[in-house]
Amino acid sequence: MTGWGCPYEHRPPGPGPLFPPPQLPPRRAQRCGEAAAGGLEQRPHAPCLADRRPAGDRQGDARLPHGPLRPCQGRGGGGGDGLFGPPPKPTRLDIDPESTVFKRVSAGGEPGLLSIERTWDEKRKRFKRDLPVEEVRRIAPFLRLTSAEGGWRVVVVDGADQLNTAGQNAILKILEEPPPKTLILLVADNVGALLPTIRSRTRRLMLDPLPEQTVRNLLFRYRPDMPDGERTALARLSEGSIGRALELHGAGGLNLYKAMLGLMEPLPRLDILNAYAFIDATVKPNDDASWAAVTELLSWWLGRIARAAARRELPPEVVPGEGVLLQRLAQGSVGGSGLDRWVELWENTNRLFAKADSANLDRKQTLLNALLQIEAAAA
């Protein structure tokens with residue numbers, strides 16, 4: 001993997017660090033400090049579960065592996081205590097970019113770190129949606145190796161919730177009896193998709209998204225020609241992920257989202273002719289980027305409706321007028337079976353899109369089926 005030591009999800013080129021060092025609340029800082037200083041040494045059977053919110057940037061994921069790999073950890077290998085006793089436990093995740101560990105991790109040459117992530121699909125020219133079990137099986141041989149400096153070994157599984165049952169069972173065997181001085185980070189968007197037995201053997205660490213103003217400032221830095229209103233819309237559409245915001249901007253995601261809202265405006269009755277026109281415009285042969293964009297935005301929008309109904313409050317509008325549509329759809333769902341209907345629709349739609357990718361189903365028909373299910377749920 002490349003990019004450890006900086007946010008590795010779609011980092012734009014440019015001078016200087018993309019993010020300032022994260023300032024954490026005292027309690028979270030203490031927990032992160034324990035992990036970074038090797039404080040999990042006394043709890044070898046409690047790997048850390050890093051849970052990021054949907055589309056959240058992996059700024060915390062990128063910094064967490066550094067701490068246990070530091071050459072001077074006190075109580076553990078790799079250098080022992082300093083001249084004046086053990087070093088203080090860190091309360092922040094960042095370390096000196098000039099340190100040897102930082103450089104090795106950033107260059108992908110740290111022998112004590114193994115990262116498991118989605119592989120590149122040469123045929124479709126994009127990352128695969130699922131995490132193959134073959135990648136997970138690399139963990140056991142890695143942990144059988146002796147640590148290069150007698151210190152900790154760190155395994156990062158990025159997208160653990162995208163593993164199938166076989167892959168999750170392979171990880172479960174490691175979690176049940178992990179080797180000493182091993183830190184396993186399972187990064188997941190949807191923790192509920194993990195097996196209960198995995199969740200019971202992990203500690204959860206929430207990684208908050210970036211503030212909206214921070215995303216706006218970063219968009220101004222890397223896309224200075226972008227109109228101010230578009231920066232605000234992308235910051236809200238990405239939910240605190242600068243990488244996602246830049247990805248949406250490059251794929252025309254904001255215009256696609258506006259077109260999707262226009263299609264949904266007549267709900268609970270869809271204009272079937274407009275639906276076919278929308279499908280023809282967004283689903284094109286051999287265009288995986290457009291397909292990924294429309295399916296992800298549609299899934300995100302359905303989750304937005306369900307959250308609005310559950311919380312009984314509307315989120316900030318991405319585009320003007322969106323709140324009226326959200327209120328109309330969510331209003332009849334509060335406290336009744338309607339909320340269950342939207343949650344079930346969100347789950348079914350995600351499964352439908354995943355099946356379309358894995359089984360190579362007709363994409364236009366798949367999207368039409370999803371739209372018809374939305375119409376039925378809104379009725």
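These are my notes on helix packing in a predicted model.

**Ground rules.** I number residues from 1 along each chain as its sequence is written, and side-chain values use heavy atoms, without hydrogens and water. As the model is predicted, local features need pLDDT of at least 70 and side-chain atom pairs pLDDT 80 or more, while totals for chains, interfaces and linings use all residues. Helices are DSSP runs (H or I, at least four residues), numbered from the N terminus.

**H8.** I looked up which residues of H8 (residues 212-222) are buried (under 20% relative accessible area, 1.4 Å probe, protein chains only). They are Val215, Arg216, Leu218, Leu219 and Tyr222. Down the axis of H8 they fall within an arc of 165 degrees, so they line one face of the helix. They pack against H9 (228-237) and H10 (242-250).

**H8 with H10.** I found the axes 10 Å apart, at an angle of about 50 degrees. The pair is therefore oblique (not under 35, over 145 or 65 to 115 degrees). The crossing is right-handed. Val215, Leu218 and Leu219 of H8 meet Ile242, Ala245 and Leu246 of H10 (contact: heavy atoms within 4.5 Å). I list six nonpolar residues here, no polar and no charged.

**H12 with H16.** I then checked H12 (residues 272-282) against H16 (residues 363-378): the axes come within 10 Å and cross at roughly 140 degrees. H12 is therefore oblique to H16. This crossing is right-handed. From H12 the contact takes in Ile272, Ala275, Tyr276, Phe278, Ile279, Asp280 and Thr282. H16 contributes Lys364, Leu367, Leu368, Leu371 and Leu372. The contact divides into nine nonpolar, one polar and two charged residues.

Conventions: Buried < 20%, exposed > 50% of the residue type's maximum accessible area, 1.4 Å probe, protein only. Helix = DSSP H or I, 4+ residues; strand = E, 2+ residues; numbered from the N terminus. Arc of directions from axis to C-beta. Axes fitted to C-alpha atoms, helices over the stretch in contact; angles between N-to-C directions. Left-handed = near helix turned anticlockwise from the far one by under 90°. Nonpolar A, V, L, I, M, F, W, Y, C, P; charged D, E, K, R; others polar.
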